[in-house]
Amino acid sequence: MEQKTENKQENKTPEKNVGHPGHIPQTAGNDAGVRPPRILAWETTAACNLACKHCRGSSTIHSAKGELTTAEAKKLLDDIRETGTPIIILSGGEPLMRSDIFEIARYGTDLGFRMTLATNGTMITEEIAQKIHDAGIQRVSISLDGRERTHDIFRCIPGCFVDSMRGIENLKKAGVEFQINTTVSRFNVDELEDVHAFTKEIGAAAHHFFFLVPTGRGAELTEFEITPEEYETALEWLYGIHKKTDLQIRPTCAPHYFRILRQKAKEEGIEVTPKTHGLDAMTKGCLGGISFGFISSVGEVNPCGYLPVSAGNVRETPFKEIWANAKVFNDLRDYSKYLGKCGACGYKTVCGGCRARAYHETGNYMEEEPLCSYVPPKFRTKNE
């Protein structure tokens with residue numbers, strides 16, 4: 001299961017006063033009000049043809065009981081349209097296992113959404129690639145966690161790397177833009193530079209790095225979790241690569257990247273502006289419940305796919321009402337409620353910590369991020 005497919009147009013409205021080194025934009029807070037969603041990931045089906053070790057939803061070949069019907073799917077898009085025109089990520093499971101996926105995508109396109117697709121790529125034949133194009137899907141994300149041996153082991157299906165590469169070639173023939181999503185774990189942390197070079201070679205438009213969150217089958221992969229120190233090293237590497245590559249780079253489930261970016265910028269005397277840092281100057285780390293949301297195949301709404309705290313169900317409450325009124329969303333939008341190191345951190349408005357990891361470790365999504373090695377000065381002083 002993959003969640004995010006980047007958008008070239010994301011975050012075009014600059015924050016105020018981003019022009020000095022290390023500036024921290026105020027992107028949310030208890031006085032920010034409710035902002036419309038910018039990105040929504042929709043698990044169109046829980047069914048998947050693979051059995052990946054890290055799967056958030058522990059997907060199987062079977063669909064979940066009670067998944068939204070075609071009519072309900074269209075009504076959901078109508079309801080979302082009342083909040084604006086966020087990017088819609090058709091995800092899963094494997095969304096191509098849903099027979100009406102192109103009807104849904106076309107409907108969303110006609111409503112004015114930027115429709116994207118998150119897939120493992122193994123089912124993309126020439127015919128499917130053309131249907132993706134014709135449905136108005138503007139970008140497809142393909143999951144690649146390394147070269148052939150690494151990828152096949154992690155995805156648990158021999159030959160799936162070759163099948164995914166065939167899918168990429170078919171997207172190219174159909175003129176569909178694609179990006180690569182790579183899940184980062186101890187399993188492949190030493191191969192990141194190689195997989196990034198490979199991503200450039202095959203002509204991707206972007207490379208997103210997903211840092212493992214221990215949910216679903218991923219909860220069983222404690223031996224694959226990287227340490228806070230390895231996490232920091234990997235994010236510093238990403239910062240360096242970002243300055244050299246011509247691809248769009250986005251670390252996902254790695255909110256402290258935006259703290260590291262500002263620390264490095266301050267050290268280098270560089271202004272954090274859209275001119276110097278592109279979209280990174282105008283966004284933040286954890287967007288869950290603030291400008292990003294997740295909708296399950298049966299209509300449950302969550303801050304993200306890794307944080308299984310229900311904000312409501314679209315079968316019972318219109319999406320617009322859930323987005324505005326859900327307790328979990330409004331908690332996450334109020335930084336004064338953040339606890340532990342995150343509550344004392346001067347970077348919390350651009351990082352926020354991974355709320356899903358906090359929830360997994362403590363049962364409280366407002367607690368501190370467990371995989372962050374940074375100790376804020378205020379927190380250090382308080383505990384001395």
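**Exercise 1.** In this predicted model, decide whether arginine 98 is buried or exposed.

*Solution.* Take the relative accessible area of arginine 98, which is 10%. Buried means under 20%. Arginine 98 is therefore buried. Next, place the residue in the chain: arginine 98 sits in the loop between strand E2 (87-91) and helix H2 (101-111). Finally, list what surrounds arginine 98. Not counting residues up to four places away in sequence, arginine 98 touches Thr44, Thr45, Leu68, Thr69, Thr70, Ala73 and Ile104.

**Exercise 2.** Find how helices H4 and H5 are oriented to each other, and which residues meet.

*Solution.* Helix H4 covers residues 148-155 and helix H5 covers residues 160-174. They pack at an angle of about 110°, and their axes are 8 Å apart. Angles of 65 to 115 degrees count as roughly perpendicular, so H4 and H5 are roughly perpendicular to each other. From H4, the residues Glu148, His151, Asp152 and Arg155 meet Cys160, Phe161, Val162 and Ser164 of H5. Sorted by kind, the residues of this contact are 3 nonpolar, 2 polar and 3 charged.

**Exercise 3.** Describe the largest nonpolar core and the surroundings of phenylalanine 319.

*Solution.* The largest nonpolar core has 71 residues. Those touching the most other members are Trp42, Leu90, Ile124, Ile132, Val140, Leu171 and Phe319. H5 supplies the largest share of this core, 5 residues. Another core, of 28 residues, lies apart from it, and includes Phe209, Phe211, Leu235 and Cys372. Now turn to phenylalanine 319: leaving aside neighbours within four places in sequence, its contacts are Pro37, Leu40, Leu76, Asp79, Ile80, Thr83, Ile295, Val301 and Val314.

Note on methods: Residues are numbered from 1 along each chain as its sequence is written. This is a predicted model: local features need pLDDT of at least 70, side-chain atom pairs count only at pLDDT 80 or more; totals for chains, interfaces and linings use all residues. Side-chain values use heavy atoms; hydrogens and water are left out. Axes are lines fitted to C-alpha atoms, for helices over the stretch in contact, and angles run from 0 to 180 degrees between N-to-C directions. Helices (H or I, at least four residues) and strands (E, at least two) are DSSP runs, numbered from the N terminus. Angles under 35 degrees count as roughly parallel, over 145 as roughly antiparallel, 65 to 115 as roughly perpendicular and the rest as oblique. Contact means heavy atoms within 4.5 Å. Ala, Val, Leu, Ile, Met, Phe, Trp, Tyr, Cys and Pro count as nonpolar, Asp, Glu, Lys and Arg as charged, and the others, Gly among them, as polar. A nonpolar core is a set of buried Ala, Val, Leu, Ile, Met, Phe, Trp, Tyr and Cys residues joined through side-chain atoms within 4.5 Å. Buried means under 20% relative accessible area, exposed over 50%, partly exposed in between (1.4 Å probe, protein chains only).
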